[in-house]
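User: Could you take a close look at how the helices pack in this model? I'd enjoy one connected walk through it, with the contacts and angles spelled out.

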Amino acid sequence: AAVAPDARAPETDAAPTPAPDAAVPPDARTPELDSAVTPDAGPNCAPEAPPCDRALYDRARDYATAYPLRDGATWHLWCASLMWRFGEFPEASARPSAIDAAAESDIRGDDPMLAPQGALHWWDIGADGHVGMDLLGGGHTLFMATRHLRETWGDAIGINGVSAYSAETGATYLGWSPDYVGARIAGGGGEACAPPPAVPEGCAVPATATEQTGVPDLSFWMRMQLFARANAYPGPIDGLMTGAAWAGVQRGLRAFGYDGPDDGLPGPRTFMALQRAAAQHGYAGPIDGDPGPNTWRGFAALLNLL
């Protein structure tokens with residue numbers, strides 16, 4: 001079925017996007033979210049996340065591992081296609097664009113914290129809109145196809161949160177629905193999980209396994225926030241990369257040649273500087289502004305020194 005892409009969100013430091021620097025290793029998996037936040041600075045240093053059904057999260061991670069590319073090319077601009085394919089929705093639910101699908105879905109409200117697992121979140125942006133699927137409920141971990149991601153699991157496929165995506169793109173949030181044009185994903189509807197807890201001040205952040213796997217995990221993003229905090233980021237160390245966190249990263253990357261605005265919207269110029277930093281820690285690939293597993297390995301080696 002023909003499913004139209006999402007609208008391209010503006011990137012202030014955008015440039016033509018080259019090919020990824022490496023393929024995602026097929027056996028690389030993101031650690032369980034609740035185990036990844038366990039600090040190594042003594043007992044009861046960080047709150048334990050409540051028990052949570054992460055089956056849908058694991059399914060999405062497995063899907064991205066199997067399909068880091070869409071038919072051999074990028075997932076960027078194909079958000080509705082990703083939802084339709086991953087959800088295994090029927091042919092009758094296919095629509096030309098995300099905004100068309102939103103108009104025929106049962107939008108229940110505009111508070112993402114009330115969304116259950118498997119809910120669809122909708123935005124009005126450009127001509128085609130945007131959509132992402134809630135993997136844990138509550139609006140903080142959405143599977144989507146876009147360049148605006150908190151964790152990248154392939155070429156423009158991964159996860160972000162409702163607030164972060166809205167802030168990074170300026171898109172208008174339309175609300176959430178339990179369905180995609182009347183169809184619901186199997187295994188959806190579960191109770192929302194709590195977002196990953198922040199590491200309390202004075203507690204250590206675990207080393208990231210990204211240095212070995214090449215796949216950013218929660219500890220990677222928490223350490224990225226430590227890097228940002230050294231450059232005037234005032235927020236929590238919780239692994240949720242907001243615009244403020246990315247702005248801190250951009251300020252820190254000025255030491256590696258970043259010359260764009262500190263706007264919290266990472267694009268190729270941001271990632272070229274990140275690659276130059278990674279090159280000082282084992283990365284030997286091109287400085288092309290399109291990070292892949294080898295970029296993440298090199299930058300993770302730097303982050304593990306923090």
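Analyst: Happy to. H2 and H3 cross in a right-handed sense, and this is a predicted model, as are all the details that follow. Helix H2 covers residues 55–66 and helix H3 covers residues 79–86. Their axes are 12 Å apart and the packing angle is about 115°, which makes H2 roughly perpendicular to H3. From H2, the residues that take part are Leu56, Arg59, Ala60 and Tyr63, and they meet Leu82, Arg85 and Phe86 of H3.

Now stay with H3 for a moment. Seven of its eight residues are buried, so H3 is largely enclosed by the rest of the structure. The buried ones are Cys79, Ala80, Ser81, Leu82, Met83, Trp84 and Phe86. What covers them includes H2 and helix H4 (98–103), along with the strands S1, S2, S3 and S5. Just after H3 comes Glu88, with a positive phi of about 55°.

Two of the residues in the H2 and H3 contact also belong to an aromatic group. Tyr63 and Phe86 are linked by ring pairs into a cluster with Tyr57, Tyr67, Trp75, Phe143 and Trp153. As for charge and ring, Arg70 lies over the face of Trp78, 3.8 Å from the ring centre.

Helix H5 (residues 162–169) makes a good companion to H3. Six of the eight H5 residues are buried, so this helix too is largely enclosed by the rest of the structure. They are Val162, Ala164, Tyr165, Ser166, Glu168 and Thr169. These residues pack against five strands and a helix: S1 (120–124), S2 (130–134), S3 (142–145), S5 (157–160), S6 (172–177) and H8. Gly170 follows H5, and its phi is positive, near 75°.

H8 takes us to the next helix pair. The axes of H8 and H9 come within 10 Å of each other and cross at roughly 55°; the two helices are therefore oblique to each other. Their crossing is left-handed. On the H8 side the contact uses Trp246, Gln250 and Leu253, which meet Thr270, Phe271, Ala273, Leu274 and Ala277 of H9.

Rings take part in that contact as well. A search of the whole structure finds 18 aromatic pairs. In one of them, Trp221 and Trp246 have ring centres 6.1 Å apart and planes at 65°, so the pair is edge-to-face. This pair links distant parts of the chain, with Trp221 in helix H7 (residues 218–229) and Trp246 in helix H8 (residues 243–253), 25 residues apart. Both tryptophans are buried. Trp246 also pairs edge-to-face with Phe271, at 5.9 Å centre to centre and 85° between the planes. Here Trp246 lies in H8 and Phe271 in H9 (residues 268–279), so the pair ties together parts that are 25 residues apart in sequence. Trp246 counts as buried at 2% relative accessibility, and Phe271 is buried with a relative accessible area of 14%.

A little further along H8 sits Val249. Its relative accessibility is 0%, so Val249 counts as buried. Leaving aside residues up to four places away in sequence, Val249 touches Met224, Phe227, Ala228 and Met241. The C-alpha atoms of Val249 and Gln225 are separated by 7.6 Å, though the two residues are 24 residues apart along the chain.

That leads back to H7, the helix that holds Trp221, and to its packing with H10. The axes of H7 and helix H10 (residues 293–303) come within 10 Å and cross at roughly 60°, which makes H7 oblique to H10. The crossing is left-handed. In H7, Phe220, Trp221, Arg223, Met224 and Phe227 meet Trp296, Phe299, Ala300, Leu302 and Leu303 of H10. Several names return here: Trp221 is the ring partner of Trp246, while Met224 and Phe227 are also among the residues that Val249 touches.

Key. Residues are numbered from 1 along each chain as its sequence is written. This is a predicted model: local features need pLDDT of at least 70, side-chain atom pairs count only at pLDDT 80 or more; totals for chains, interfaces and linings use all residues. Side-chain values use heavy atoms; hydrogens and water are left out. Rings of Phe, Tyr and Trp (its six-membered ring) pair if their centres lie within 6.5 Å; planes under 30 degrees apart count as stacked, over 60 as edge-to-face and the rest as tilted. Helices (H or I, at least four residues) and strands (E, at least two) are DSSP runs, numbered from the N terminus. Buried means under 20% relative accessible area, exposed over 50%, partly exposed in between (1.4 Å probe, protein chains only). A charge sits over a ring if NZ of Lys or CZ of Arg is within 6 Å of the ring centre and within 35 degrees of the ring normal. Contact means heavy atoms within 4.5 Å. Axes are lines fitted to C-alpha atoms, for helices over the stretch in contact, and angles run from 0 to 180 degrees between N-to-C directions. Angles under 35 degrees count as roughly parallel, over 145 as roughly antiparallel, 65 to 115 as roughly perpendicular and the rest as oblique. A crossing is left-handed if the near helix is turned anticlockwise from the far one by less than a right angle, and right-handed if clockwise.
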